[in-house]
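Welcome! Take a moment to turn the structure around on your screen before reading on. We will start with the surface of the chain and then look at a few side chains.

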Amino acid sequence: MAKEKAVTTSTNAVKKEDVKKLSFPKRVAKWWREMKSELKKVVWPSRKQVVNNTIVALVVMFVAAIVIWGFDEIAQAIVKAVITLVG
């Protein structure tokens, strides 16, 4: 068991050593290739989904703005009432 642990290395350690050996332009080229391959795996939303999500986000922001405005008006009324009582 002890020999097996000593022989095995983590993949992160191996990757870091490989990156250190490469020159800067080669590291950039490798990063670019890996990024392109990962972007090919992405499932992009359809136009209908984007429009739907945008509408939902705008509605939620509008409702939140109204709620915050309402709390602000209530707080303003309370502060004015306290000032008139005290002053």
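Let's begin with the outside. The accessible surface of this chain adds up to about 8,500 Å², and carbon and sulfur atoms account for 70% of that area. The chain has 87 residues, and 0% of them count as buried.

Keep in mind that you are looking at a predicted model. How confident is the predictor in the chain? The average pLDDT is 86, and 77% of the residues reach a score of at least 70. Confidence varies along the chain: helix α1 (residues 2-7) has the lowest, with a mean of 54, while helix α4 (residues 47-86) has the highest, at 97.

Now for the overall build. You can find four helices and zero strands here. Reading from the N terminus, the order of elements is α-α-α-α.

Next, zoom in on the side chains. Which two residues meet in a salt bridge? The partners are K41 and E38, whose side chains come to 3.2 Å, N to O. The count for the structure is one salt bridge. Both K41 and E38 belong to helix α3 (residues 24-41), where three residues, or about one turn of the helix, set them apart.

There is also one aromatic pair in the structure. W31 and W32 make up this pair, with 6.0 Å from centre to centre and 55° between the planes, so the pair counts as tilted, as an angle over 60 degrees would be needed for edge-to-face and one under 30 for stacked.

How open to the outside are these four side-chain partners? The table puts their values side by side.

| Residue | Relative accessibility | Class |
|---|---|---|
| K41 | 58% | exposed |
| E38 | 45% | partly exposed |
| W31 | 49% | partly exposed |
| W32 | 45% | partly exposed |

Why does K41 count as exposed, whereas W31 counts as partly exposed? The cut-off for exposed is over 50%. K41 is exposed because its relative accessibility is 58%, and W31 is partly exposed because its value is 49%.

Conventions. Residues are numbered from 1 along each chain as its sequence is written. This is a predicted model: local features need pLDDT of at least 70, side-chain atom pairs count only at pLDDT 80 or more; totals for chains, interfaces and linings use all residues. Side-chain values use heavy atoms; hydrogens and water are left out. A salt bridge is a side-chain nitrogen of Lys or Arg within 4 Å of a carboxyl oxygen of Asp or Glu. Helices (H or I, at least four residues) and strands (E, at least two) are DSSP runs, numbered from the N terminus. Buried means under 20% relative accessible area, exposed over 50%, partly exposed in between (1.4 Å probe, protein chains only). Rings of Phe, Tyr and Trp (its six-membered ring) pair if their centres lie within 6.5 Å; planes under 30 degrees apart count as stacked, over 60 as edge-to-face and the rest as tilted. pLDDT is the predictor's confidence in each residue, from 0 to 100. Accessible areas come from the Shrake-Rupley method with a 1.4 Å probe; for residues, only the protein chains shown count as cover.
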